[in-house]
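Reader: I would like to go through this structure and ask what stands behind the terms used for it. Please set each value against its definition.

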Amino acid sequence: MTIKVFLEIVEIRTKLASLFPFFVGVLFSIAYFDQVSWVHTLLFFVGMVVFDMATTAINNYMDFHKAKSEAYKYEENIIGVSGVSPLLVRNMIFGMIGFTAVIGLVLAIQTGWLLLFMGGVCCLIGIFYTFGPIPLSRMPLGEVFSGVTMGLGIFAMTVYLNVGQNPPFYLDISFIKGTFALTGNIWQTLAVVWASLPMVLTIANIMLANNLRDLDTDIENHRYTLVYYIGRKKGVLLFQLLQLFCYAVILLGMLFGVYDWPILLVLLSFPKIRKNLQQFKKELPQPKSFRFSINNLILFNGSYLIGLLAMIILNKFS
């Protein structure tokens, strides 16, 4: 297997979906909690990217294995097109998952067992998102699972790793006494969940855009996604509403003290995103329509990062 084929199997170009919750989580930890742990952050980043690659490889492996269309199997799926042994791909997946598990265990020992629980839940969803007799991605809740797992899961774990003093949530376990206690701060936890919503929604929209584009192919390959049940027209409306609600999250968050006023820099992305939403509707179901969901994710979350960075700078010099 060449490096080029490996990068195609893991779809390295799609990793922005997991990078934004991570980087926003780091900046939110600094802006809201005034704390950061660079060592834990770096270790988590490596494990996160490797696991993200593993889940994408599982997706391609399962699509190849379950494909009903021979044309798709050998003319579109990267495993069939490249002629790579499916057994090699499977072993590669196991290796990446094992590597991630080691990093997760090291971090859990250093920071607390709650990370092991959060990471375990996210990993299980990530694996069964495309694996098993009925993968989650082939069900109507694929958008929910992808958005919550990556948008909230990665974000919350990043904050947890960086906020070592008075964390918003913490699990204390005593194996000697056989006791456990989950503690935390309700308002800080709600702030973390609220701040994750833009990533949850924009990542869900990537899945939704993919399903809107591939509706006909999905039906041919027995993938009955949300779009199959609600149709393209309502699917497009949902796509637009999810993106626009991201701006409501920012405005309400500032009103309730989650953000300071520099976060309003996010609003600068609105004209271009509004245009992208119109273009997306116009170009469906053409393959190139999918790029608008990626562009919106980059535009909104990129401006989100800039707004948080401006908050950090303001707090430092105020």
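Author: Contact here means heavy atoms within 4.5 Å. By that criterion, Leu 114, Leu 115, Met 118, Gly 119, Cys 122 and Ile 125 in H7 meet Phe 145, Thr 149, Gly 153, Met 157, Tyr 160 and Leu 161 in H8. The model is a predicted one.

Reader: What is the mean pLDDT of the chain, and which elements have the lowest and highest mean values?

Author: The chain averages a pLDDT of 89, and 97% of the residues score at least 70. Among its elements, helix H4 (residues 70-75) has the lowest mean, 72, and helix H9 (residues 186-213) the highest, 94.

Reader: Why is H7 called roughly antiparallel to H8?

Author: The axes of helix H7 (residues 114-128) and H8 cross at roughly 160 degrees and come within 10 Å. Angles over 145 degrees count as roughly antiparallel, so H7 is roughly antiparallel to H8. Their crossing is left-handed.

Reader: What makes H2 oblique to H8?

Author: Helix H2 (residues 16-33) packs against helix H8 (residues 142-162) at an angle of about 40 degrees, with the axes 8 Å apart. Roughly parallel requires an angle under 35 degrees, and roughly perpendicular runs from 65 to 115. The angle of about 40 degrees fits neither class, and therefore H2 is oblique to H8. The contact includes Pro 21, Phe 22, Gly 25 and Phe 28 of H2, and Gly 151, Ile 154, Phe 155 and Thr 158 of H8. The crossing of H2 and H8 is right-handed.

Reader: How do you know the direction of H11 relative to H12?

Author: The axes of helix H11 (residues 226-255) and helix H12 (residues 270-283) cross at roughly 175 degrees and come within 10 Å. The cut-off for roughly antiparallel is over 145 degrees, so H11 is roughly antiparallel to H12. On the H11 side the contact includes Phe 239, Gln 243 and Tyr 247; on the H12 side, among them, are Ile 273, Leu 277 and Phe 280.

Reader: What makes E1 and E2 a pair of strands?

Author: Pairing needs at least two bridges. Six bridges join strand E1 (residues 169-174) to strand E2 (residues 179-184), so they count as paired, and they run antiparallel. One bridge links Ser 174 to Thr 179 in E2. The two strands form a hairpin with four residues between them, and Gly 178 in the turn has a positive phi of about 75 degrees.

Reader: Where does UniProt place the feature "transmembrane region", and what is the chain like there?

Author: The unreviewed UniProt entry places that feature at stretches including residues 87-107 and 294-314. Over residues 87-107 the chain is 100% helix, with the end C-alpha atoms 31 Å apart. Over residues 294-314 the chain is 100% helix, and the end C-alpha atoms are 30 Å apart.

Note on methods. Residues numbered from 1 in each chain as written. Predicted model: local features only at pLDDT ≥ 70, side-chain atom pairs only at ≥ 80, totals over all residues. Heavy atoms only, no water. UniProt positions renumbered as here; feature names shortened; annotations may be inferred. pLDDT = per-residue confidence, 0-100. Axes fitted to C-alpha atoms, helices over the stretch in contact; angles between N-to-C directions. Left-handed = near helix turned anticlockwise from the far one by under 90°.
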